[in-house]
Amino acid sequence: MKPLLLPAICVLLSSGLSDASKFPPGFKFGAATSAYQIEGAWNVSDKGESIWDRYVHENPELIADHSNGDVASDSYNRWMDDVKIASDLGLHFYRFSLSWPRLLPHGTPERISEDGKNYYDKLINALLQKGIEPVITLYHWDLPQRFQELGGWANPHIADWFADYARVVYSLYGDRVKTWITINEPLVICEIAFNTGVFAPGIKDPEYGNYMCSKNLLLAHAKAWRIYDSEFKPKYGGKVGITHQIIWYEAASPEHEELAELARQYSAGLYCHPINSELGGWPPAVERVIAENSKKQGFFRSRLPPFTKEEIELVKGTYDFSGINYYISRLVRRAEADDVIGPWPLGGGSAELGAIVEVDASWKKGATSWFWSFPPGLRRMLSWFKKYCGDHEVLITENGLASNEDIIDDDRVEYYRSHLEQVWLAINEDGVNVKAYTAWTLIDNFEWMDGYNVTFGLYHVDFKEPKRKRTPRASSYYYKEVIRNHSYDVDIYVDRDEL
């Protein structure tokens, strides 16, 4: 049932609901943000420099509006506003990330920033006082610049650097935080960054860098998970997982189904197979393709670095749940002789797979170049994930619409409604064990290469106003009713004069 936004003065109501559209008991609703995108205070106190600090300062022309996250939503100073918003919405949990260089100015554990530690302490405690569960992401892309100068995610030592950081965080906040995400979106960190070179740290190396990054990232995740499992879970009983960005790849026509499945394994499977499968290691089909391509290209060994037996065992089984971020889908077909294959996974195809990825003309476009909405892709992806990556607990850790609407964001309301319906169908008709849904995002923020030209927030942020005033959008009223009624099928009636 599509929400109604009326110009007259009205009251906020919900429709008469049947149990047919309700989510299962215990299902949780939350919203998410990330440190670099909202905190600002990039050089306050003893905070260290991150790769995004360096990247946007040295390359402002690469950001659509030449902006940066120096102040962003100013949540370092206005965190109480964010907690109030989370409380007003009735969120069950708030997912946010820690800034590694804010907490550990040198990246290493010999010195913990008191200001950084206290900032996150205050935020966690304030959430708990409001009855909101803090869900913490250890890494959402803001690597200490010091480590980048030593090779970043291409340096195998990063697995130990990340494990040390994780142990510090668990020690500081493990008594209060029970749900942890190690790393957000390996696909972006490794594939988008190294295949395009237009994402921090700005290094393009699609033949080696992306695969070195992927292996080291998985080892880093595994070490962080095993530290919690052995040292902190016995005391605190929490859970740890990784969050995947999963694009649903659908065959453009039936003859391309085998290629579409290979694309799924090459994107999501590259990261879930080593963690979730019984065998562990890289997906065999993907490993075979890259080895064959490497041989044809004249390399002495595969460009995909192998796992040792010990590494396979280290990574395998390192999950208490899987986080999934879903935004978009793509159609897949075999590349033809005159096709120009763009960079994987968003730029038009994969040279490794000999594939073209494209969009269906019927899909609705969002406000940024990569965003095309296809709600059924979410359900199909969840069903595939259950089959390929195993039947275990799944948290939808991000889902939202790229828009440039101001306050009356009807498109975002419809996006949330249609995608929540697909989650409901995946649970009730496909038996997928989805336990939570997270709206991206709580408030408008710095949206990476799009700067402030694109918005995702349930709350509008006025970036021209010094105090970064937050104003609820129509979508915030819808989501509040979803949470209150435990159902996606709600009507909202909003006084436009109040927005």
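Just after helix H8, Gly197 adopts a positive phi of about 75 degrees in this predicted model. The helix that precedes Gly197 is mostly covered, with ten of its eleven residues buried. These buried residues are Pro186, Leu187, Val188, Ile189, Cys190, Glu191, Ile192, Ala193, Phe194 and Asn195. The cover over the buried residues of H8 includes two helices, H9 (209-236) and H10 (257-276), together with strands E3, E4 (179-184) and E5 (239-245). In general, an α-helix has 3.6 residues a turn, so residues three or four places apart point the same way.

**Enclosed spaces**

The model contains three cavities of 30 Å³ or more. The largest cavity has a volume of about 110 Å³. Of the 13 residues that line the largest cavity, the closest to its centre are Ile51, Tyr139, Ile189, Ala200 and Pro201. Helix H2 (51-58) and helix H8 (186-196) are the elements that give two or more residues to this lining. H8 supplies the largest share, four residues.

The second largest cavity is lined by Ala35, Tyr36, Glu39, Gly40, Trp42, Lys47, Ser50, Asp53, Gly69, Ser99, Arg102 and Asp142. The table sets out the volume and the lining of each of these two cavities.

| Cavity | Volume | Nonpolar residues in lining | Polar residues in lining | Charged residues in lining |
|---|---|---|---|---|
| Largest cavity | about 110 Å³ | twelve nonpolar | one polar | no charged |
| Second largest cavity | about 70 Å³ | three nonpolar | four polar | five charged |

**Gly40 and Ser113**

Gly40, one of the residues lining the second largest cavity, lies in the loop between helix H1 (35-38) and H2. Is Gly40 buried or exposed? Its relative accessibility is 6%, and Gly40 therefore counts as buried, since the cut-off for buried is under 20%. Leaving aside neighbours within four places in sequence, Gly40 is in contact with Gly69, Asp70, Val71, Ala72 and Arg102. The C-alpha atoms of Gly40 and Asp74 are separated by 5.0 Å, although these residues are 34 residues apart along the chain.

Another loop, between helix H4 (100-103) and helix H5 (114-129), holds Ser113. At a relative accessibility of 1%, Ser113 also counts as buried. Not counting residues up to four places away in sequence, Ser113 touches Asp46, Arg102, Leu103 and Pro105. Arg102 is thus found among the contacts of Gly40 and among those of Ser113, and Arg102 is also one of the residues lining the second largest cavity.

**Strand E2 and its partners**

In general, the strands of a sheet pair through backbone hydrogen bonds, either parallel or antiparallel. Strand E2 (residues 93-97) pairs in the parallel sense with strand E1 (residues 28-32) over three bridges. Within this pairing, Arg95 of E2 is the bridge partner of Ala32. E2 is also joined by five bridges to strand E3 (residues 133-139), and these two strands run parallel. Here Tyr94 stands opposite Pro134 in E3.

How many of the five residues of strand E2 are buried? Five of its five residues are buried, and the strand is described as mostly covered. Both faces are covered: Phe93, Arg95 and Ser97 lie on one side, Tyr94 and Phe96 lie on the other, and all are buried.

**Glu398**

Which residue does UniProt list for "active site"? The unreviewed UniProt entry lists Glu398 under that heading. Glu398 is placed in strand E13 (residues 394-398). With 3% relative accessibility, Glu398 counts as buried. Leaving aside its neighbours within four places in sequence, Glu398 is in contact with Arg95, His140, Asn184, Glu185, Ile324, Asn325, Tyr326, Tyr327, Thr438 and Trp440. One of these contacts, Arg95, is the E2 residue that bridges to Ala32.

**A four-strand sheet**

Four strands form an open sheet in the order E6-E8-E10-E9, and the pairing is mixed. Strand E6 (248-251) and strand E9 (349-350) stand at the edges; each has a single partner strand, so one side of each is left without a neighbour in the sheet. E6 pairs in the parallel sense with strand E8 (residues 329-334) over four bridges. In E8, Leu331 is the bridge partner of Glu250.

Notes. Residues are numbered from 1 along each chain as its sequence is written. This is a predicted model: local features need pLDDT of at least 70, side-chain atom pairs count only at pLDDT 80 or more; totals for chains, interfaces and linings use all residues. Side-chain values use heavy atoms; hydrogens and water are left out. Buried means under 20% relative accessible area, exposed over 50%, partly exposed in between (1.4 Å probe, protein chains only). Two strands pair if DSSP finds at least two bridges between them. UniProt positions are given in the numbering used here, feature names are shortened, and annotations may be inferred rather than shown by experiment. Contact means heavy atoms within 4.5 Å. On a 1 Å grid over the protein atoms alone, a cavity is a set of points where a 1.4 Å probe fits but cannot get out, and a pocket is an open set with protein on both sides within 12 Å along at least five of seven lines; lining residues have an atom within 4 Å of a point. Grid points are joined across faces, edges and corners, and a volume is the space filled by probe spheres set on the points. Ala, Val, Leu, Ile, Met, Phe, Trp, Tyr, Cys and Pro count as nonpolar, Asp, Glu, Lys and Arg as charged, and the others, Gly among them, as polar.
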